[in-house]
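Here is a set of short exercises to work through with the model open in your viewer. Try each task before you read its solution.

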Amino acid sequence: MINVQHLAFLHRLANITALSVMLVGGIVLFGWVNHLPALYRVNDNLPMMTPGAAFSFIFTGAALFLVQPAKLSALRRLAAQVLAFGGIALGILMLLSYWYPLPDQWLGRGLVSLQVFNLSPEKDSLQTAVAFILTCTGL
């Protein structure tokens with residue numbers, strides 16, 4: 001038997017988590033745009049979060065947020081699927097850029113549109129790419 005209170009709690013928790021993930025991605029992108037390393041690199045000994053990973057955080061969080069209601073409208077489901085596909089596509093591009101030198105017009109060293117603004121000198125890690133592909137596939 002489904003306990004309505006537990007189900008409501010889990011939906012609230014998923015919504016808070018989704019919004020938190022989007023907030024982290026937004027803060028990292030804000031840090032890249034305004035050249036604030038403290039917002040995209042927690043510690044000098046740790047790798048920085050690239051703009052591609054930050055966009056994937058936003059896509060994943062938004063898709064999770066959209067799939068939360070028990071009864072989804074067709075438009076919400078479609079929007080969540082598009083966002084999840086965007087996360088998968090970014091993950092695949094991250095993988096490809098790790099193994100193959102893609103043209104700079106596609107990826108540069110991070111994400112195409114952000115490389116135009118010279119935001120990221122780093123490539124995304126292999127683990128990050130696989131994590132986003134698997135997470136977005138699950139959504």
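The exercises below go from the whole chain to single residues.

Before you start, note that this is a predicted model, in which local features need pLDDT of at least 70, side-chain atom pairs count only at pLDDT 80 or more, and totals for chains, interfaces and linings use all residues. Residues are numbered from 1 along each chain as its sequence is written, and side-chain values use heavy atoms, with hydrogens and water left out.

**Exercise 1. Describe the secondary structure and the confidence of the chain.**

Step 1. Helices (H or I, at least four residues) and strands (E, at least two) are DSSP runs, numbered from the N terminus. The chain has six helices and zero strands, giving the pattern α-α-α-α-α-α along the sequence.

Step 2. Next, look at pLDDT, the predictor's confidence in each residue, from 0 to 100. Its mean over the chain is 81, and 83% of the residues reach 70 or more. Helix H1 (residues 4-33) has the highest mean among the elements, 91, while helix H5 (residues 112-116) has the lowest, 47.

Step 3. Now find the weak stretches. Residues 103-112 have a pLDDT below 50, and this stretch has 21 contacts in the model beyond near neighbours in sequence; a contact means heavy atoms within 4.5 Å. Over residues 114-119 pLDDT also stays under 50, and the model has 14 contacts there beyond four places in sequence.

**Exercise 2. Check the length of helix H3 and list its buried residues.**

Step 1. The expected span of a helix is 1.5 Å times one less than its number of residues. For the 16 residues of H3 this should be 22 Å, and the end C-alpha atoms are 23 Å apart, which agrees.

Step 2. Sort residues by relative accessible area: buried is under 20%, exposed over 50%, and partly exposed in between (1.4 Å probe, protein chains only). The buried residues of H3 are Pro51, Gly52, Ala53, Ala54, Ser56, Thr60, Gly61, Ala62, Ala63 and Leu66.

Step 3. Take Thr60 as an example. Its relative accessibility is 10%, so Thr60 counts as buried. Leaving out residues up to four places away in sequence, Thr60 touches Phe132, Thr135, Cys136 and Leu139.

**Exercise 3. Classify two aromatic pairs that involve H3.**

Step 1. Rings of Phe, Tyr and Trp (its six-membered ring) pair if their centres lie within 6.5 Å; planes under 30 degrees apart count as stacked, over 60 as edge-to-face and the rest as tilted. By this rule there are three aromatic pairs.

Step 2. Phe55 and Phe59 have ring centres 6.3 Å apart and planes at 40°, so this pair is tilted. Both residues lie in helix H3 (residues 51-66), four residues apart, about one turn of the helix. Phe55 is partly exposed at 24% relative accessibility, and Phe59 is partly exposed at 24%.

Step 3. Phe57 and Phe132 form an edge-to-face pair, with 5.4 Å centre to centre and 70° between the planes. This pair links distant parts of the chain, as Phe57 is in helix H3 and Phe132 in helix H6 (residues 126-138), 75 residues apart. Phe57 is partly exposed at 23%, whereas Phe132 is buried at 8%.

**Exercise 4. Which residues have the most contacts inside the largest nonpolar core?**

Step 1. Such a core is a set of buried Ala, Val, Leu, Ile, Met, Phe, Trp, Tyr and Cys residues joined through side-chain atoms within 4.5 Å. In soluble globular proteins, nonpolar side chains tend to be buried together.

Step 2. The largest core here has 14 residues, and Val28, Trp32, Tyr40, Met49, Ala54 and Met94 have the most contacts inside it. The elements that give two or more residues to this core are H1, H3, helix H4 (74-99) and H6.

Step 3. Follow Tyr40: beyond four places in sequence, Tyr40 touches Val28, Gly31, Trp32, Met48 and Met49.

**Exercise 5. Examine the backbone of His35.**

Step 1. Most residues other than glycine have a negative phi, and most peptide bonds are trans.

Step 2. His35 is not a glycine, yet its phi is positive, about 55°.

Step 3. Place His35 in the fold: His35 lies in the loop between H1 and helix H2 (37-40). With a relative accessible area of 54%, His35 is exposed.
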